[in-house]
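Please read the following report alongside the sequence and the model. It moves from single residues to the interior and then to the chain as a whole.

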Amino acid sequence: MEQRGQESWRQTWKWVAFVFALGLVFDKASGQIRYSISEGIKEGTAVGNIAKDLGINLNMLKDRGFRIVSGSTETLFQINQNDGILYLNRNIDREEICERTSVCLINLKSVLENPLEIHYVAVEVLDVNDHSPCFPDKDKRLEISESTIPGARFQLHAARDPDGGVNSVQQYKLSPNNHFRLEVKDRGKDGKIPILHLQSPLDREASTSHKLLLTAMDGGKPPKTGTVEIFVDVLDVNDNMPVFTKDVYSATLNENSPIGTTVIQVNATDLDDGSNGEVSYSFGNANSKVRELFDVDSSTGEITVKGHIDFEVDDSYEIDIQASDKGALPFRTDKSVTIQIVDINDNAPDIEVTSLSNTISEDSKPGTTVALISITDLDSGLNGKVISFVKSDVPFTLTPSIQDNMYAVVTKAQLDRENKSNYDVTIVAKDAGEPALTSEKTLSIVVSDVNDNSPEFSLNPYTFYITENNPPGASVFALSASDRDEGDNALIVYHIQKDEGDHNKVTSFLNINHENGDVLALKSFDFETLKTFQFHVVASDSGTPSLSSNVTVNVFILDQNDNAPVILYPVSANGSAEGVEEIPRNVNAGHLVTKVRAYDADIGYNGWLLFSLQEVTDHSLFALDRYTGQIRTLRSFIETDEAEHKLVILVKDNGNVSLSATATVIVKAVEPKEAFAASDVKTTTREEEENNVTFYLIITLGSVSALFLISIIVLIVMQCSKPTNYSSKYLQDTNYDGTLCHSIQYRSGDRRYMLVGPRMSIGSTIVPGSNGNTLVIPDRRRTSGEVRYFGLASI
């Protein structure tokens, strides 16, 4: 047992020695220094010289990296490595760093390296009485019933002072009064709590409230204080009923007022205090409709709009409002509120069509009823007074009916479907409100057609030009007529009017398509036989009764080169174009042997004849004038010339496709005596033949010229009766003779000739038998006054 005690003693001394050695090592590695500073000192103030207090060589501070190690984000202190002094890095507020602690210590670690040394530095922040006591509220209100028994205790909020120690709250004081005294209870670390103690009963009738002043003081020198005002409200018992301030409540309200609009505010008072005198408002005996439209504020008694107010539904409301206090056993009072609804112009006139005829005949008389309409307005007074009319310029108007608000839409003028076939009649109804509201209703009315328009031709008269030799049965031209009516009233049928006289013979060869107005020629026309004709076409509609109109149609036949030249001389006894001419052998050059005469029934270029030698035995002996057909000698006969020569003369016109004829002249050269004898006999015979031919030729040419002049006169009359803006497709001249206007001038020897169409120049003459297509210009250089022409050889 003794040995065990010795071993235990040795073991204890070993631990003591170990702890002592460890303390020596720790003390060397980490010496500890403690400094004290007061809160609120300035930034940069020296706290203490750590290097001096620790005995550290100043020359080694920088080399060994002497510094403060802090775990906080903001360093409160710093070390100067030159002198080892600890400085305050920023202002320190003890209440901020060490809240609710009696001793405020800030622990720092200073570090030296090579070798590592850690020294602990504690900085105590001493409190300064820099804060006054402060209550949570500036004032405190208590409600105490007047029936409260004395001795009742009412705990108050304690004041708070951030300072510690004696600088914290040490005592409370209450202002002098007759009913309350102050008790203070110490709760240790929670501080001292003030308690209000009721000493004597409260009398609300004597005083409805009491004002007390509570003061808190700390232990500083000098002490600092804080105060709070205590208001004690004496509560009354509920012994009075609410009373409305007015005997009658009434208000007016515009319909359609926005939701939330204040209608009226009722007010009731209660002589009691507190909840006994606090009045709330609610609906009394009110139906569900009133509750849907109105709402009452329970606190203010304000009646507001809750739903849609419509004057047309109800023009007034009577609402029961109940005022109630908030006592334990509440008292209630009822009051009736009357609300009159004011009408505003919120309903546009309503137009209702009770009867409508969409279609009306254009021959309806003014005043014919088209529709019946009803116009109403739900508003009242001026807002419901309606003025109605027909909008825009239409031949319709409104007339009032026997019944109120009923109107008839009637015609006010004659209708014409051809001018306008349908109308959109807009009826406008406008009330007298402010601002006025307007409604419109549009009626679509169709004007039906009656047969009141005759067919109208596109031209009057018509003038057509047809080339002769047209194919039989083909359409030669077309007429067109239109009718402003519609349907069967506008369905047109064409037919040719049968006239008495010569025109009926021509129209018998014409046929017209009854549907489209195409005119067909049943035979070919011959310009040489018929140059112009006129007939009438009637266009009739299919209405009942049928209406019709006619038009004059003037037709002019255009010439074609369809007639070959006819040889008038020479002509033999058997009718062939052959003749024998005897001339003396001693004639000189330029002697007129004979003259070939020819005629062409065509006109213009088609009737312009040219002569040429197709065959001759001796070209050096005879010459033919190509325009006159004269055969003359070119030289005198010589002994070697033959006694008989054959000349074949070709006569052709100037049409696009030229037509021709030939004449043969046998020229015999005889001795002068024989020639004279034969000449006498031949002259006598020739004179007789020529007299006969001349007689028939004069008759023919006279007939043609008379017909030509008649055509010109008719054409001039027609042209004068035409509208000024009408122009022919083919001719611009009234002197039409079946061919286009043209003129050609030429010379033959020392004579001048001009070939023209239907246009004449001043000073020109038409030679009978020329068909009006050969113009001879007098040669004023010749004294003989000889006049030449062509198209018909000289007679």
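Leaving out residues up to four places away in sequence, Lys-385 touches Lys-430, Asp-431 and Ala-432, where contact means heavy atoms within 4.5 Å. Lys-385 sits in the loop between strand 26 (369-376) and strand 27 (386-391); helices (H or I, at least four residues) and strands (E, at least two) are DSSP runs, numbered from the N terminus. With a relative accessibility of 53%, Lys-385 counts as exposed, since buried means under 20% relative accessible area, exposed over 50%, and partly exposed in between (1.4 Å probe, protein chains only).

This is a predicted model, in which local features need pLDDT of at least 70 and side-chain atom pairs count only at pLDDT 80 or more, while totals for chains, interfaces and linings use all residues. Residues are numbered from 1 along each chain as its sequence is written, and side-chain values use heavy atoms, with hydrogens and water left out.

Another exposed residue is Glu-96, at 56% relative accessibility, which is found in helix 3 (residues 94-97). The table gives one C-alpha to C-alpha distance for each of these two residues.

| Residue pair | Separation in sequence | C-alpha to C-alpha distance |
|---|---|---|
| Lys-385 and Ala-429 | 44 residues | 10.0 Å |
| Glu-96 and Pro-162 | 66 residues | 8.9 Å |

Turning to the interior, the largest nonpolar core has 27 residues, and Val-263, Tyr-281, Phe-294 and Ile-321 are those with the most contacts inside it. A nonpolar core is a set of buried Ala, Val, Leu, Ile, Met, Phe, Trp, Tyr and Cys residues joined through side-chain atoms within 4.5 Å. Several elements each supply at least two residues of this core, including strand 16 (249-254), strand 17 (262-265), helix 4 (288-293) and strand 23 (332-342), and the largest share, four residues, comes from strand 22. Leaving aside its neighbours within four places in sequence, Val-263 is in contact with Ala-251, Leu-253, Phe-294, Ile-303, Thr-304, Val-305 and Ile-339. A second, separate core of 26 residues includes Ile-466, Ala-481, Tyr-494 and Phe-527.

The structure also holds 14 aromatic pairs, meaning rings of Phe, Tyr and Trp (its six-membered ring) whose centres lie within 6.5 Å, with planes under 30 degrees apart counted as stacked, over 60 as edge-to-face and the rest as tilted. One of them is the stacked pair of Tyr-465 and Phe-556, at 5.5 Å centre to centre and 25° between the planes. Because Tyr-465 lies in strand 33 (residues 462-467) and Phe-556 in strand 40 (residues 548-558), this pair ties together parts that are 91 residues apart in sequence. Both Tyr-465 and Phe-556 are buried. One aromatic cluster is formed by Phe-457, Tyr-462, Phe-464, Phe-477, Tyr-494, Phe-525, Phe-533 and Phe-535.

What does the chain look like as a whole, in helices and strands? There are six helices and 53 strands in the chain, and buried residues make up 40% of its 795 residues. Among contacts in the chain between residues at least 6 apart in sequence, 65% join residues at least 24 apart.
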